[in-house]
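Please look over the fold below, and then follow a short exchange on how its parts are arranged and packed.

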Amino acid sequence: MKWIGAILGFFYMRFGGAIIGFLIGSILDRIFRGSSSTSGGSFGKIFQDQQDQVTPGDFELNLLSLSSLVIKADGKVTQQEMDYVRMYFVQAYGKERANATFKTFNEVIKNREISVPRICEYLRPRVRYEVRLQILHFLFNISNADGHVSEAELRVLLNISQNLRVAHSDFESIKAMFFKSADDAYKILEIEKSASDAEVKKAYRTMAKKFHPDKLQHMDEVYRKGAQEKFNKVQEAYEQIQKERGL
């Protein structure tokens, strides 16, 4: 379209018109490419730029691959963990599509060596930071499906988090949502117990903004529910600290 614009511009206004036509055509090119790239549905909107996308199928298979590493981390595969993964995929993508993903995984991916660095290197530049946080939260939920996150599972989760370039403070915040301790509310808000009241309020505003479900409005409902869970944990942590301090 930009070259058509340049030719038409040259025909009517010579060289100056060619330049103007080229610029207008370039703008129209970008508009049409942008509209066509989002025509596949809401799922495509999670990706950072149109030049370097991951297909929904690749995203699902890579997510399932990471899930399998967490499930097998402690040397035992529990039915609760398997059921959680299946339920999550069915809710996110529908039964037919989820079954197709599991079939492809079992036939192809399962028999290959699964590399955390390779998967994360592929996903990292292609998905937004808040989506990477949701992936980590989802994987924590898998490990906690049997009621306990083991040390072996935690090591795998930390490795995945580091390779996804999730900030350590965000990792500790999500981890604190699954481990009860005297200062877990402070860990969720990513502050020390010695923080001032003003620092507590500021931390709450920052974390509420980071984990707000609106950041995943473009994704399927199950992802928005996961974001809502994290957001609720942040609110609960803040309310607990408020109660302790009489704020």
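**Helices and their packing**

The secondary structure of the protein comes to 11 helices and 0 strands, where helices (H or I, at least four residues) and strands (E, at least two) are DSSP runs numbered from the N terminus. This is a predicted model, in which local features need pLDDT of at least 70 and side-chain atom pairs count only at pLDDT 80 or more, while totals for chains, interfaces and linings use all residues. Residues are numbered from 1 along each chain as its sequence is written, and side-chain values use heavy atoms, with hydrogens and water left out.

Reader: At what angle do the axes of α3 and helix α6 cross?

Author: Axes here are lines fitted to C-alpha atoms, for helices over the stretch in contact, and angles run from 0 to 180 degrees between N-to-C directions. The axes of α3 and α6 (residues 129-143) come within 8 Å, and the crossing angle is roughly 145°.

Reader: Which residues of α6 are met by α3?

Author: Contact means heavy atoms within 4.5 Å. From α3, the residues E81, Y84, V85, Y88 and F89 take part, and their partners in α6 are Q134, F138, N141, I142 and S143.

Reader: What percentage of the residues of the protein count as buried?

Author: Buried means under 20% relative accessible area, with a 1.4 Å probe and protein chains only. Of the 247 residues of the protein, the share that counts as buried is 43%.

Reader: How much of the area that the protein exposes do carbon and sulfur atoms supply?

Author: Accessible areas come from the Shrake-Rupley method with a 1.4 Å probe. The protein exposes about 13700 Å², and the part supplied by carbon and sulfur atoms is 54%.

Terms used: Buried < 20%, exposed > 50% of the residue type's maximum accessible area, 1.4 Å probe, protein only.
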